[in-house]
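Please open the structure in a viewer and keep the selection panel at hand. The tour proceeds from one selection to the next and describes what is found at each stop.

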Amino acid sequence: MIFNVSCALDCEVKFPSALIFSIHAQRNASQRIVSETLTIEPRIETNEFTPAGSSNRFLRMETQQHERFSLRYAATVDCQFNVRSTGEIETTSVGELDDAAVPFLFPSRYCQSDRLARLAWDLFGRIDKPHGKVIAITEWIHANVEYVRGTTDSGTSAYDTVTQRVGVCRDFAHLGIALCRALNIPARYFTGYAYELDPPDMHACFECYIGDNWLVFDATRLAQLNGLVRIATGMDAADTAVASVFGDVSFKHMKVACGLGEGQTFIPIPHRHLARRGIALPTEAG
């Protein structure tokens, strides 16, 4: 499936600052960049880098004093996904996990799985298979946390969300990750462009390592799981922020879009099928 994605940002700088953006679509086993463009007006020197052991693509720049600039990114991305029957997904013990998945068992800044362990085991510990546990977690979050834009901030954690019972996609993802990790299921944060998301924006959800695959889940139910274009993954939002600012920068305008490529027909996977199917967006070759 081919998607056209874009992100437009207008910024105002009060004094010399550094910025790191995470808006580029990943290049990985399930995503091929057909074409992409990046324009910045007025021109500012930038460099793109990918941290060791990661496929996340970051853009770094330094600005001058009292400067306004606009950034425009656009890409055409060919995305693939795998549908796994839950009957085919084997349970993997912690001792048998792939080494790369092990770090995603541990608590992190926004996902305090150690503080939510009792809740997780009380609610979901009796469910037999990991995939069934995660489906139950996403259903519980959707039923018990209200999605309200603008109700939380960059300091809100999974523990805050389960207490306040309100949040946005970022908070839903953090809570899902924390509850999964508390049940010994590796889980990581996912940001991306999302087809048919209303209103259009960057979207956050989470992936769990089950049966040697990273399967994607969305407790908000706002995104089509086979309509995602991956930007970045990490322990939590601290690893994948759309913009990290080191200085004084105001964001005046942001516009995000994700549409179908020419000649494409999109067929969503209904929510009712997700209890029997897992959606994997592979990141590694093979």
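How much space lies in the largest pocket? In this predicted model, the volume of that pocket is about 850 Å³.

**The largest pocket**

Select C169, R170, D201, M202 and V242, which are the closest to the centre of the pocket among the 31 residues that line it. Next, colour the elements α4 (169-182), β9 (187-194), β10 (203-210) and β13 (243-260), each of which supplies at least two residues of the lining. Which of these elements gives the most to the lining? It is β13, with five residues. If the lining is then coloured by residue class, 18 nonpolar, seven polar and six charged residues should appear.

**The largest cavity**

Please turn now from the pocket to the enclosed space. The structure holds one cavity of 30 Å³ or more, and the volume of the largest cavity is about 30 Å³. To display its lining, select F3, C79, Q80, F81, N226, L228 and L281. Five of the lining residues of this cavity are nonpolar and two are polar, while none is charged.

**Strand β11 and its hairpin**

Select residues 213-217, which form strand β11. Is β11 largely enclosed or open to the outside, and why? Five of its five residues are buried, so β11 is largely enclosed by the rest of the structure. The burial applies to both faces: N213, L215 and F217 lie on one side, W214 and V216 lie on the other, and all of them are buried.

Add β10 to the selection. The two strands, β10 and β11, pair in the antiparallel sense over five bridges. Within this pairing, E207 stands opposite V216 of β11. The hairpin of β10 and β11 has two residues between the strands, and G211 takes a positive phi near 60° there.

Now centre the view on N213. Setting aside neighbours within four places in sequence, its contacts are R84, C208 and A280. A distance label drawn from N213 to I279, C-alpha to C-alpha, should read 9.3 Å, although the two residues are 66 apart in sequence.

**Salt bridges**

How many salt bridges does the structure hold? There are twelve, and three of them are visited below.

Begin with E207, already on display opposite V216. E207 forms a salt bridge with R188, with the closest N and O atoms 2.8 Å apart. This pair links distant parts of the chain, since E207 belongs to strand β10 and R188 to strand β9, 19 residues apart. Are these two partners buried or exposed? Both E207 and R188 are buried.

Select E139 and R221 next. Their closest N and O atoms are 2.5 Å apart, and the two residues form a salt bridge. This pair also links distant parts of the chain: E139 is in helix α2 (residues 130-144) and R221 is in the loop between β11 and β12 (228-234), 82 residues apart. E139 is partly exposed, with a relative accessible area of 29%, and R221 counts as partly exposed at 39%.

The third selection is E36 with R57, a salt bridge in which the closest N and O atoms are 2.6 Å apart. E36 lies in strand β2 (residues 31-41) and R57 in the loop between β3 (46-49) and β4 (58-62), so the pair ties together parts that are 21 residues apart in sequence. At 27% relative accessibility, E36 counts as partly exposed, whereas R57 counts as buried at 3%.

**A buried serine in a loop**

The final stop is S113, in the loop between β6 (82-85) and α1 (117-124). Why does S113 count as buried? Its relative accessible area is 5%, and the cut-off for buried is under 20%. To display its surroundings, select L105, F106, P107, A178, R181 and A182, which are in contact with S113 when neighbours within four places in sequence are left aside. For orientation, the range of α4, coloured at the pocket, is 169-182.

How values were computed:
Residues numbered from 1 in each chain as written. Predicted model: local features only at pLDDT ≥ 70, side-chain atom pairs only at ≥ 80, totals over all residues. Heavy atoms only, no water. Helix = DSSP H or I, 4+ residues; strand = E, 2+ residues; numbered from the N terminus. Buried < 20%, exposed > 50% of the residue type's maximum accessible area, 1.4 Å probe, protein only. Contact = heavy atoms within 4.5 Å. 1 Å grid on protein atoms, 1.4 Å probe; cavity = no way out; pocket = protein on both sides within 12 Å on 5 of 7 lines; lining within 4 Å. Points joined across faces, edges and corners; volume = space filled by probe spheres on them. Nonpolar A, V, L, I, M, F, W, Y, C, P; charged D, E, K, R; others polar. Pairing = 2+ DSSP bridges. Salt bridge = Lys/Arg side-chain N within 4 Å of Asp/Glu carboxyl O.
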